[in-house]
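Student: I would like to go through the ligand site and ask what the terms rest on. Please show me the entry.

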Amino acid sequence: MTLSVWAPGRVNLIGEHTDYAGGLVLPIAIDLGITFNVAPAERIRLTSGAETVELRANGAGKANGWGRYVAAVAQELGELGRPSMGLEGTVEATLPPGAGLGSSGAFAVGVALALCSVAEFELEPLVMALACQRAEQRGVGVPSGILDQAASLLGRAGSALLLDCGSLEHRWVPLPDEVSILVLDSGERHVHEGSGYADRRRELEAGVLRRVRHVETENERVRATVAALERGDVAALGPLFAASHASLRDDYEVSTPTLDALVEAALEAGAFAARMTGGGFGGSIVALAEPWRAEDVLARTPERGWIVRASDGATRRRTGSTRGRA
Ligand code: GLA
C-alpha cells in the first residue's frame, strides 16, 4: 500500500497574534501545501530534495532541521497511543517555507496524518492539531499557537474557519464569490526560532499595555469581519484589515517596513483590503480584490504572489497496493 497525504498551508484573514492568548482567528486553508507519498516501513525514512531523515518508528534518533519536526510529531503521537509503525517516502511542497503561510504547521500535520494512517490510528482533527502544536514546541522550541495546525486540518473549501483558540469552539464562515484572496510574499524571511515571536508572547503574558491592547482590539476586528462577511458587506473589510495591520505595526510591533510598503503597494495596485498575515518579521501579506482585478493586482506588484482559494483541510488517499492478498 502507498499513501498520499496532502497538508495545506494557510492564510489568516484576520485575528493575528491572538491564538496563544486564547483569542479568535479566521484562517483559510489554501491550495498551496505539502504532499507526502509514503508506504509503511519498519523505520521512518523521509526524503525531501537532497535531504533524508531516518528515525526509529517512535521518533527516537538523531534529527536536524526539518527532521526535528518529524521526530517530535512521532513522539507526541506515541504518547497518545499510536502504535510504532514507520514509513518510507518523499515530501514535496508547493508551499514556500518561511513565507508566513503556515509551512511548519502544515509539515507537522502531514507527518502526523501519514504516521497515523500507516498505523491505522485515528485521532480527532483538533486532538491531532494540538499534538502538532506541542511537537513544534518540543522539536524546535517555538511556542506557537494552534492557528496553523487547526487551519491545515479543519479548512473547508469556500469558507473561512472561525476558531476560538481558548475553547476550541469553531464554525465555518462562507466567503462571498465577489472576493479574490491574494498572497504577496515580501521575500523577507522570518524564522520564528530566534525571532521576536517568543518575546511577544512573554510580553503579552506580562500584561504590557500595547501588546494586550492589540489582542483585545484584534478580537473585536475578527468579530466585525465575520459579521461583515455574513451580511455580505465586503466594503467593510478594507478598514478592518487596515486597522489590523496598523495595530500589528504600532502596538504589537511585528511588521517591518517591507511589509508596510507591500500593503501600500497592493492597495495602490487595486486591492480593496490588505494586511500582513502570519507571525510577521517578514513573510507575506494577504490582500482582497474584486475577482476581475486580481490578476492585475498581481501583475502590478513585483513580488512573488498567488491568487489562493479557500480549500479543504488535510487529506489522505491510498494510491495503490503492494504485493499480497486483498
Ligand atoms: C505564527 C504562529 C501561529 C500564530 C501566528 C500569528 O504563524 O505559528 O500560531 O501565532 O504566527 O497569528
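Student: What makes the pair formed by an oxygen atom of the ligand and a polar backbone atom of His17 a polar contact?
Tutor: In this predicted model, the two atoms are 2.7 Å apart. The cut-off for a pair of N or O atoms is 3.5 Å, so the pair counts.

Student: How do you know that Tyr197 and Gly279 qualify too?
Tutor: An N or O atom in the side chain of Tyr197 is 2.5 Å from a ligand oxygen. For Gly279, a polar backbone atom lies 3.4 Å from an oxygen of the ligand. Both values fall within 3.5 Å, so both are polar contacts. The protein covers 97% of the 310 Å² of accessible area that the ligand has on its own.

Student: Which residues surround the ligand most closely?
Tutor: Of the 13 surrounding residues, the closest are Glu16, His17, Asp19, Asp148 and Tyr197.

Student: Why is Tyr197 counted as nonpolar in that shell?
Tutor: Tyr is on the nonpolar list, so the class follows from the residue type. The shell has 3 nonpolar, 6 polar and 4 charged residues.

Student: What space does the ligand take?
Tutor: The ligand occupies the largest pocket.

Methods
Residues are numbered from 1 along each chain as its sequence is written. This is a predicted model: local features need pLDDT of at least 70, side-chain atom pairs count only at pLDDT 80 or more; totals for chains, interfaces and linings use all residues. Side-chain values use heavy atoms; hydrogens and water are left out. A residue is near a molecule or strand if one of its heavy atoms lies within 4 Å of it. A polar contact is a pair of N or O atoms within 3.5 Å; within protein, one must be able to donate a hydrogen and the other to accept it, and residues adjacent in sequence count only if both atoms are side-chain atoms. Accessible areas come from the Shrake-Rupley method with a 1.4 Å probe; for residues, only the protein chains shown count as cover. On a 1 Å grid over the protein atoms alone, a cavity is a set of points where a 1.4 Å probe fits but cannot get out, and a pocket is an open set with protein on both sides within 12 Å along at least five of seven lines; lining residues have an atom within 4 Å of a point. A molecule sits in a cavity or pocket if more than half of its atoms lie within 2 Å of its grid points.
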